[in-house]
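Trainee: Please take a close look at one pocket with me. I would like to know what lines it, and then what its surroundings are built from.

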Amino acid sequence: MNPDGTMNILLLGSGGREAAMAWKMLQSPLLGHLYIAPGNGGTTACGTNLPIDPCDAEAVDKAVTEHSIDMVVGGSEAPLVAGLRDKLLERAAMRGDKLLFVGPGADGAALEGSKDFAKRFMGRHNIPTARHLTVTKTNVDEGRAFLHSLKAPYVLKADGLAAGKGVLIIDNLDEAIAALDTMLDGQFGAASASVVIEQFLKGIECSVFVLTDGSGNYRVLPVAKDYKRIGEGDTGLNTGGMGAVSPVPFADETFMQKVTERIIEPTLSGLRQEGIDYRGFIFLGLINCDGDPYVIEYNVRMGDPETETVMTRIVSDFVEALRGAASGNLEGCDMTIDPRTAVGVMAVSGGYPGSYAKGKEMTIGTMSGDIHVFHAGTKEAEGKLLSWGGRVIDVVALADDIPSAAAKAYDALLQISFEGMYFRRDIGKDLL
């Protein structure tokens with residue numbers, strides 16, 4: 001802790017999610033200095049970028065000591081699944097330092113790191129989800145029989161982390177059986193040594209984010225909906241997300257009461273029953289089936305691009321909430337939400353999610369107060385801002401309703417340019 005009572009914070013990650021979290025942290029009087037590892041071309045406006053791989057526990061620990069870090073915030077899932085919290089807290093304890101960490105240890109991170117673990121957890125705690133079967137090469141005949149028992153389309157998920165690419169949705173039974181064999185033969189490396197086959201649930205998806213302190217207290221952040229397909233009308237290949245909307249009209253008080261009673265509280269109670277000290281974010285990927293919520297997946301961090309819309313709607317002190325979660329004491333922490341609507345539209349590189357060029361010089365015009373520009377895949381080099389990823393920049397606008405917010409976001413996108421720039425023009429239209 002700094003002499004003035006502020007905290008030095010290390011935020012791990014490099015995408016639009018981390019850019020939005022950094023922007024929100026910067027508004028807190030509790031923040032001393034913010035470090036982002038590795039960060040991107042936009043996060044330099046919020047703090048100091050460090051050229052560190054978040055999965056390199058030794059390098060992260062060195063940064064913690066060198067920069068007198070009081071709290072580490074895990075942005076992305078891979079370091080959490082690899083047990084970064086456990087390693088850092090152990091090393092800090094050996095030095096006699098008090099370090100706060102936002103994010104679960106390896107045991108809690110298994111909710112995202114293993115879809116089989118997540119499904120078994122849901123089964124143990126009666127949390128609604130799709131019918132499913134975990135298949136390895138030892139029970140592949142049982143897997144084929146289970147596929148025969150389902151109706152199309154067929155959902156196959158790599159058990160482990162596969163960089164967002166490990167989920168296949170296939171309309172044809174024979175193709176699904178062939179895909180199962182391909183996955184088990186190493187299509188996604190070790191991640192698909194086990195495959196979870198799921199019943200397809202029909203409905204509308206949404207993302208619910210819960211911040212918990214491990215002792216029963218939690219806060220629900222604004223609900224959002226993202227758009228995963230590259231093409232308008234939800235067509236084409238899956239991407240990391242082409243935009244998001246918050247709030248979600250169907251996630252009303254009645255729906256959210258069901259989410260709380262059937263999913264949030266049984267999940268947190270189940271973690272405590274199983275001795276898992278979970279302090280951080282739980283991202284509930286939900287589907288609304290005729291008014292009833294079902295869990296599609298758990299993630300153990302905030303979502304991207306949903307975070308960009310969610311952060312613009314949080315009015316209260318975000319750092320205070322993070323500190324409360326990490327220290328096991330969220331009680332008394334506010335979560336005040338702006339009632340307006342946020343619509344975010346992601347500008348991507350031409351060719352994404354396939355092969356694309358990077359290093360294209362970018363220009364960004366002046367934006368009004370209700371427009372927020374979050375860098376996702378950018379880099380500063382020789383005084384120039386360059387595109388440096390598939391998803392390049394996210395423009396989020398606030399207004400009283402979806403059409404007004406979307407119109408402002410699309411007007412703002414006209415102030416941004418780089419060669420090959422592409423964005424969907426229908427974000428939020430399906431919710432009208």
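Mentor: Start with the classes used for lining residues: Ala, Val, Leu, Ile, Met, Phe, Trp, Tyr, Cys and Pro count as nonpolar, Asp, Glu, Lys and Arg as charged, and the others, Gly among them, as polar. Keep in mind that the model is predicted.

The part to examine is the second largest pocket, which holds about 160 Å³ of space. Its lining consists of A19, W23, L26, G42, T43, A45, C46, H372, V373, F374 and H375. Sorted by class, that lining has seven nonpolar and four polar residues, and no charged ones. Two elements, α1 (16-25) and β20, each give two or more residues to the lining. The largest share, four residues, comes from β20. Each of these two elements leads to a sheet.

Take α1 to begin with. This helix packs on a sheet and touches β1, β2 and β4 (71-74). The direction of α1 makes about 165° with that of β1. The sheet in question is open and has five strands in the order β3-β2-β1-β4-β5, with parallel pairing. At its edges stand β3 (48-49) and β5 (100-102); each has a single partner strand, so one side of each is left without a neighbour in the sheet. Further in, β1 (residues 7-13) and β2 (residues 31-38) run parallel and are joined by six bridges. One position to find on screen is L10, whose bridge partner in β2 is Y35.

Now follow β20. This strand belongs to an open sheet of five strands, ordered β12-β15-β18-β23-β20, where the pairing is antiparallel. Here the edge strands are β12 (225-226) and β20 (371-375), each pairing on one side only. The strand that gives the pocket its largest share of lining is therefore an edge strand, pairing on one side only. Elsewhere in that sheet, β15 (residues 243-246) pairs with β18 (residues 341-348) in the antiparallel sense over four bridges. A244 has G344 as its bridge partner in β18.

It helps to set the pocket beside the enclosed spaces of the model. The count is two cavities of 30 Å³ or more. The largest cavity has about 40 Å³ of space and is lined by T212, G214, L268, L271, R272, I276 and Y278. Helix α9 (residues 253-273) gives the most to that lining, with three residues. By class, the lining of the largest cavity has four nonpolar residues, two polar and one charged. The second largest cavity has about 30 Å³ of space, and P54, C55, A57, P79, A82, L84 and K87 line it. Its lining divides into six nonpolar residues, no polar and one charged.

One more contact is useful for practising the classes. Helix α5 (residues 106-113) packs with helix α6 (residues 115-124) at an angle of about 100°, and their axes are 6 Å apart. That makes α5 roughly perpendicular to α6. In this contact, D107, A110, L111 and G113 of α5 meet K115, F117, A118 and F121 of α6. The residues there comprise five nonpolar, one polar and two charged.

Note on methods. Residues numbered from 1 in each chain as written. Predicted model: local features only at pLDDT ≥ 70, side-chain atom pairs only at ≥ 80, totals over all residues. Heavy atoms only, no water. Pairing = 2+ DSSP bridges. 1 Å grid on protein atoms, 1.4 Å probe; cavity = no way out; pocket = protein on both sides within 12 Å on 5 of 7 lines; lining within 4 Å. Points joined across faces, edges and corners; volume = space filled by probe spheres on them. Axes fitted to C-alpha atoms, helices over the stretch in contact; angles between N-to-C directions. Parallel < 35°, antiparallel > 145°, perpendicular 65-115°, else oblique. Contact = heavy atoms within 4.5 Å.
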